[in-house]
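Trainee: Could we go through this model together? I'd like to know what stands behind the labels people put on it.

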Amino acid sequence: SIVNWTVKYNKAIIGSITAVLLLIAIFSMVKYYLKIQDKKAEEAYYSVYSEYEKLLKTEDKAKADKTKLEEEKNKTIGKLAEVYNKFSGQTSGKLALLNEGHLLFESGKFEEAVKTYEKFLSAISKKDLFYNLTLDSIAHCHEELKNSDKALEYYEKITSSNFDFLKDVAHFNLGRLYEGKNNKEQAVKNYKKIKESYPESKIVA
């Protein structure tokens, strides 16, 4: 059954989805997103962004000195906040805010991450490339904070958004959370929605 299938592969799927969200989906769109921007804002963003990429690579390769890594993360978070404060009206500044949210999430500062993501959402349109991605990130923060009702609220927002991007993932997460609440009817409904509306999704592949 769909329920049994999702229980069996839950960890593997969530792991792969998280990797896609935090690495590929964001960084693959940055150059396109910054196509026409204020030069100073773009330079400031890329200066910190390069540090951000190095930080991610360092974390992937080794976690030998966790204290030093956290110190570097906090420095980068501060620099990203400075870029946003200086260039909040530019796309580069807004992207700095988004990446600040991701680093806060990675540092386990979930409440701060939610506030930062919410600020980013208020600065962009619902038609923005990163809108659904940010809703998903907020939902994951609420899951980490053990607030499943809030997480459900944000996953639902994705399913009713203007883009199909991440809707299959949102239905999967809705099903997973409803299953955790012993609401099998809603769980199965969301799992079936993936197969019916998103047959090409990797989740059902």
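Mentor: Sure, let's take a few labels and check each one, bearing in mind that this is a predicted model.

Trainee: Why is S137 called buried?

Mentor: Buried means under 20% relative accessible area, and S137 comes in at 5%, so the label fits. You'll find S137 in helix α6, which runs over residues 131-144.

Trainee: Which residues does S137 touch, leaving out those up to four places away in sequence?

Mentor: H102 and Y117. Contact means heavy atoms within 4.5 Å. Y117 also turns up in the largest nonpolar core, which has 47 residues. Y117, C141 and Y155 touch the most other members there.

Trainee: Which helices supply at least two residues of this core?

Mentor: α2, α3, α4, α5, α6, α7, α8 and α9 each do. α4 gives the most, with 7 residues.

Trainee: And what does Y155 touch, again skipping residues up to four places away in sequence?

Mentor: D136, A139, H140 and E143, plus A170, N173, L174, R176 and L177. Y155 lies within α7 (148-159).

Trainee: What makes α8 mostly covered?

Mentor: Count its residues against that same under-20% cut-off: 13 of the 14 in α8 are buried.

Trainee: How do you know that the span of α8 is close to the expected one?

Mentor: The expected span is 1.5 Å times one less than the number of residues. For the 14 residues of α8 that gives 20 Å, and the helix reaches 20 Å from its first C-alpha to its last. Just after α8, N182 takes a positive phi of about 65 degrees.

Methods: Residues are numbered from 1 along each chain as its sequence is written. This is a predicted model: local features need pLDDT of at least 70, side-chain atom pairs count only at pLDDT 80 or more; totals for chains, interfaces and linings use all residues. Side-chain values use heavy atoms; hydrogens and water are left out. Helices (H or I, at least four residues) and strands (E, at least two) are DSSP runs, numbered from the N terminus. Buried means under 20% relative accessible area, exposed over 50%, partly exposed in between (1.4 Å probe, protein chains only). A nonpolar core is a set of buried Ala, Val, Leu, Ile, Met, Phe, Trp, Tyr and Cys residues joined through side-chain atoms within 4.5 Å.
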